[in-house]
Amino acid sequence: MEKKLVYFLCTGNSCRSQMADGFLKALGSDKYEVKSAGLEAHGLNPRAVQVMDEADVDITNHTSDVIDPEILQEADYIITLCGHANDNCPVVRNDKAERWHWGFEDPAKATGTELEVMAKFREVRDSIKNRIARFVKEGN
């Protein structure tokens, strides 16, 4: 069985798309090839790495990448995780791809104490994990 290619897109490919990438690799790597990118490359957010490590998913070797038009063409699923990426993603001429938008808050914009900011990162992480688990279970 050929694996379906899932391409997660976000603004900076630093938090949400990295979390989604990590969880889908952890939960569905037998069915899916997973890639992620951003409209820009903001670097891997250290808090995202930390909260994913707490969930036993290591994303320390991930890179923050800019959207690759060739991967867009090859993708079976193109999933945006923030409104900015959904609104500004390049036009895709790919009739086979299913394009979905799963909006999640940007934890990098959280304010407050370090405990409050980390709580937002964990909340977003858990929401993404639940959505990925549903995606894998439904066998898209």
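**Exercise 1. The surroundings of Pro 107**

Task: In this predicted model, find which residues Pro 107 touches, not counting residues up to four places away in sequence.

Solution:
- Step 1. Look for the contacts of Pro 107: they are Cys 15, Arg 16, Lys 120, Phe 121 and Val 124, with residues up to four places away in sequence left out.
- Step 2. Place the proline in the fold. Pro 107 belongs to the loop between S4 and H5.
- Step 3. Compare sequence and space for one of these partners. Val 124 is 17 residues from Pro 107 along the chain, and their C-alpha atoms are 6.7 Å apart.
- Step 4. Decide on burial. The relative accessibility of Pro 107 is 0%, so this residue counts as buried.

**Exercise 2. A lysine in a helix**

Task: Is Lys 120 buried or exposed, and which residues does Lys 120 touch, not counting residues up to four places away in sequence?

Solution:
- Step 1. Locate the residue: Lys 120 sits in helix H5.
- Step 2. Apply the cut-off. Buried means under 20% relative accessible area. Lys 120 has 18%, so it is buried.
- Step 3. List the neighbours. Leaving out residues up to four places away in sequence, Lys 120 touches Glu 105, Pro 107 and Ala 110.

**Exercise 3. Two residues with positive phi**

Task: Take Asn 13 and Asp 56, and work out where each one sits and whether it is buried or exposed.

Solution:
- Step 1. Recall the general background: most residues other than glycine have a negative phi.
- Step 2. Check the angles. Asn 13 has a positive phi, near 50 degrees, and is not a glycine. Asp 56, also not a glycine, has a positive phi of about 65 degrees.
- Step 3. Find the loops. Asn 13 is in the loop between strand S1 (4-10) and H1. Asp 56 is in the loop between helix H2 (46-54) and helix H3 (69-74).
- Step 4. Turn to accessibility. Asn 13, at 0% relative accessibility, counts as buried, whereas Asp 56, at 72%, counts as exposed.

**Exercise 4. Reading the sheet**

Task: In what order do the four strands of the open sheet lie, and which strands stand at the edges?

Solution:
- Step 1. Trace the strands across the sheet. The order is S2-S1-S3-S4, and the pairing is parallel.
- Step 2. Find the edges. Strand S2 (32-38) and strand S4 (98-101) each have a single partner strand, so one side of each has no neighbour in the sheet.
- Step 3. Add the twist, which averages 20 degrees from one strand to the next.
- Step 4. Follow the pairing of S1 and S2. These parallel strands are joined by seven bridges, and Val 6 has Val 34 in S2 as its bridge partner.
- Step 5. Do the same at S4. Strand S3 (residues 77-80) pairs with S4 in the parallel sense over four bridges. Tyr 77 has Glu 98 in S4 as its bridge partner.
- Step 6. See what lies on the sheet. H1 packs there and touches S1 and S2, and the direction of H1 makes about 175 degrees with that of S2.
- Step 7. Return to S2. Five of its seven residues are buried, so S2 is largely enclosed by the rest of the structure.

**Exercise 5. Helices against H5**

Task: At what angle does H1 pack with H5, and at what angle do the axes of H2 and H5 cross?

Solution:
- Step 1. Start with H1. Helix H1 (residues 16-28) packs with helix H5 (residues 114-138) at about 40 degrees, and their axes are 9 Å apart. H1 is therefore oblique to H5.
- Step 2. Note the handedness: the crossing of H1 and H5 is right-handed.
- Step 3. Pick out residues in this contact. Among them are Met 19, Phe 23 and Leu 27 of H1, with Phe 121, Val 124 and Ile 128 of H5.
- Step 4. Sort them by character. The contact of H1 with H5 has 12 nonpolar residues, one polar and three charged.
- Step 5. Move on to H2. The axes of H2 and H5 cross at roughly 60 degrees and come within 10 Å. H2 is therefore oblique to H5.
- Step 6. Check this crossing too: H2 passes H5 in a right-handed crossing.
- Step 7. Pick out residues again. The contact includes Arg 47, Val 51 and Glu 54 of H2, as well as Glu 114, Phe 121 and Arg 125 of H5.
- Step 8. Sort these as well. The contact of H2 with H5 has six nonpolar residues, one polar and five charged.

Definitions and conventions
Residues are numbered from 1 along each chain as its sequence is written. This is a predicted model: local features need pLDDT of at least 70, side-chain atom pairs count only at pLDDT 80 or more; totals for chains, interfaces and linings use all residues. Side-chain values use heavy atoms; hydrogens and water are left out. Axes are lines fitted to C-alpha atoms, for helices over the stretch in contact, and angles run from 0 to 180 degrees between N-to-C directions. Helices (H or I, at least four residues) and strands (E, at least two) are DSSP runs, numbered from the N terminus. Angles under 35 degrees count as roughly parallel, over 145 as roughly antiparallel, 65 to 115 as roughly perpendicular and the rest as oblique. A crossing is left-handed if the near helix is turned anticlockwise from the far one by less than a right angle, and right-handed if clockwise. Contact means heavy atoms within 4.5 Å. Ala, Val, Leu, Ile, Met, Phe, Trp, Tyr, Cys and Pro count as nonpolar, Asp, Glu, Lys and Arg as charged, and the others, Gly among them, as polar. Buried means under 20% relative accessible area, exposed over 50%, partly exposed in between (1.4 Å probe, protein chains only). Two strands pair if DSSP finds at least two bridges between them.
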